[in-house]
Amino acid sequence: MTMINPPMTLKGIEKRLEKELSDTRIIGDMDFSYEDYRFLATKVKGLLKFQSSLSDLRDYKLCLATYWVFTLKYEDINKAGFQDVMKLINRLPQYQVKYFLNLSLEAYHEYGIDTFGKDDASVETVSSITAMHAGMDEDFYETLFHILDDSLKYASVDELYEKIMSNLSNRMNNIFKYIDEDIRSEMFYDCRDMFIDYKINKMSSEELLNKYHFMSRRLLDACIEWCKIHEESEHELKAGIC
């Protein structure tokens, strides 16, 4: 199912994204299909190629932010759109680079989208925020939850970071390299805390959403479902043994 399609203009896409993101924690949580991404990519590349000045980009802040996030989710990071944006930035005069980066942050602030406490308009910061909004691949969730479950047996949580990083795909490793190691560690430990709060402390879904307001709702919902399924399996196993 697609969210956007021909003959929508960039202005129409911007309005649709504004509506969708009003109830979305991270941009990567949107139901934004590959077909949506390809259509948006065509529009954005045309904008970047033919705009008469950088001020023309101001009306399409969400389109640009969404394009960059889903480029990380859908494309080979070393070959495609992310590098196109980086090339655009690298060939601009310094004052224009600052404008572009401030525009990216402005999109997040204007629409109440989390920047995870990072607010300086640098290439490193905006790249990091973009990577965090891309989030983890859903096909990694199963592996992640097993790692989090196993981590409850650790004497130290230091092992958690290495276990998660060693199980990431090459593509996800390439994305995570844009996130500082200390921020990555904090993300993983927050996942573990959330896992404990549901599985052991029996917090409700609503309580978890309020406590971990910065966390992907897809990830949080998937974790709850995984715990429920495994708890049922454990009960059935114990009943069979008895």
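Let me start with Cys-223, which is buried, with a relative accessible area of 0%, and I should say at once that what we are looking at is a predicted model. The sulfur of Cys-223 has its closest cysteine sulfur in Cys-227, at 4.3 Å, and that is too far for a bond, because a disulfide needs the two sulfur atoms within 2.5 Å. Cys-191 is buried as well, with a relative accessible area of 5%, and for its sulfur the closest cysteine sulfur is the one in Cys-223, which at 8.1 Å is again too far for a bond. How many disulfides, then, does the structure hold? The count is zero.

Now please turn to helix H3, which runs over residues 61-74. With 14 residues at 1.5 Å a residue, H3 should span 20 Å, and its end C-alpha atoms are indeed 20 Å apart, so the expectation and the model agree. Of those 14 residues 12 are buried, and therefore H3 is largely enclosed by the rest of the structure; among the buried ones are Ala-65, Tyr-67, Trp-68 and Phe-70.

Two of these residues, Ala-65 and Trp-68, bring us to a cavity, since they belong to the lining of the second largest one, together with Ser-104, Tyr-108, Val-126 and Thr-130. The structure holds two cavities of 30 Å³ or more, and this second largest has a volume of about 30 Å³. At least two residues of its lining come from each of H3, helix H5 (94-110) and helix H6 (123-134). If you sort the lining by class, you find four nonpolar residues and two polar ones, with no charged residues.

Note on methods:
Residues are numbered from 1 along each chain as its sequence is written. This is a predicted model: local features need pLDDT of at least 70, side-chain atom pairs count only at pLDDT 80 or more; totals for chains, interfaces and linings use all residues. Side-chain values use heavy atoms; hydrogens and water are left out. Helices (H or I, at least four residues) and strands (E, at least two) are DSSP runs, numbered from the N terminus. The expected span of a helix is 1.5 Å times one less than its number of residues. Buried means under 20% relative accessible area, exposed over 50%, partly exposed in between (1.4 Å probe, protein chains only). On a 1 Å grid over the protein atoms alone, a cavity is a set of points where a 1.4 Å probe fits but cannot get out, and a pocket is an open set with protein on both sides within 12 Å along at least five of seven lines; lining residues have an atom within 4 Å of a point. Grid points are joined across faces, edges and corners, and a volume is the space filled by probe spheres set on the points. Ala, Val, Leu, Ile, Met, Phe, Trp, Tyr, Cys and Pro count as nonpolar, Asp, Glu, Lys and Arg as charged, and the others, Gly among them, as polar.
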